Amino acid sequence: YDLYISGPALDTVITGITDTTLSYSDLQRFVKNSNYLWWVIASDGEFAVSSADTLGFFYPDILSVKENTDGLPVSFALFQNYPNPFNPTTTIRFALPEKTRVILRIYNMLGQEIRTLINSDKQAGYHTLIWNGLNNTGHPVASGVYVYAIEAGTFRHARKMLLLK
């Protein structure tokens with residue numbers, strides 16, 4: 001993978017990333033309270049594909065950090081899947097601050113439901129599941145962009161992911 005980051009006083013490429021997790025310690029290159037853009041290009045040495053979207057992030061001037069000492073989330077959240085792009089499996093994480101009914105579904109770009117991963121009550125906490133790229137009938141889905149969406153109480157959120165075969 002190659003990671004491209006662009007913004008005030010920074011236009012860089014981090015090349016040769018082989019893992020889906022990256023720690024970037026050169027933070028002095030970022031301008032506090034500024035917006036940046038990032039995107040990923042995945043390559044197998046012969047073919048390359050760019051991430052479906054250019055994503056943004058804000059580099060804040062951090063004043064304090066409050067740790068969650070009780071181990072339970074303070075709000076509902078649906079995190080970005082990893083790895084992304086993926087083949088053949090990806091990990092999806094979500095957080096529930098209270099016990100609630102959870103429905104987690106995968107959709108194609110036409111809005112058609114591909115798979116229901118969860119449809120049950122879940123305890124408060126952080127939850128992780130792995131999707132294997134199969135639809136509701138157990139058949140592999142095609143390469144492409146998919147949306148995973150969560151319904152948990154009144155919380156609704158969706159994110160995109162890319163399956164490359």
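**Entry 1: Thr-90**

I looked up the contacts of Thr-90 in this predicted model. Leaving out residues up to four places away in sequence, I found that Thr-90 touches Asn-81, Tyr-82, Pro-83, Leu-129, Ile-130, Trp-131 and Met-161. I then located Thr-90 in strand β7. Is Thr-90 buried or exposed? Its relative accessibility is 1%, so I recorded Thr-90 as buried, since the cut-off for buried is under 20%. I also noted that the side chain of Thr-90 makes a polar contact of 2.9 Å with the side chain of Asn-81. Asn-81 therefore appears twice in this entry, once in the list of residues that Thr-90 touches and once as its polar partner.

**Entry 2: Thr-116**

I turned next to a second threonine, Thr-116, which I found in strand β9. Its relative accessible area is 27%, and I therefore entered Thr-116 as partly exposed; this class lies between the limits of 20% and 50%. Which residues does Thr-116 contact beyond its neighbours within four places in sequence? I listed Leu-104, Arg-105 and Asn-136. The side chain of Thr-116 is also joined to that of Glu-113 by a polar contact of 2.4 Å. I checked one distance as well: Asn-135 is 19 residues from Thr-116 in sequence, and their C-alpha atoms are 8.4 Å apart in space.

**Entry 3: The hairpin of β8 and β9**

I followed strand β9 to its partner. Strands β8 and β9 run antiparallel and are joined by 8 bridges. As one example, I noted that Ile-106 has Arg-115 in β9 as its bridge partner. The two strands form a hairpin, with 5 residues between them. In the turn I found Gly-111, whose phi is positive, at about 85°.

**Entry 4: The nonpolar cores**

I then examined the largest nonpolar core, which has 20 residues. Which of its members touch the most other members? They are Phe-94, Leu-104, Ile-106 and Ile-150. Strands β7, β8, β9, β10, β11 and β12 each supply at least two residues of this core. The largest share, 4 residues, comes from β11.

I looked up Phe-94 in detail. Not counting residues up to four places away in sequence, Phe-94 touches residues including Ala-77, Phe-79, Leu-104, Ile-118, Tyr-126 and Ile-150. Apart from the largest core lies another one, of 8 residues, among them Leu-3, Leu-10, Ile-17 and Val-40. I added a general remark: in soluble globular proteins, nonpolar side chains tend to be buried together.

Conventions. Residues numbered from 1 in each chain as written. Predicted model: local features only at pLDDT ≥ 70, side-chain atom pairs only at ≥ 80, totals over all residues. Heavy atoms only, no water. Core = buried A, V, L, I, M, F, W, Y, C linked by side-chain atoms within 4.5 Å. Buried < 20%, exposed > 50% of the residue type's maximum accessible area, 1.4 Å probe, protein only. Contact = heavy atoms within 4.5 Å. Polar contact = N/O pair within 3.5 Å; in protein donor to acceptor, adjacent residues only side chain to side chain. Pairing = 2+ DSSP bridges.
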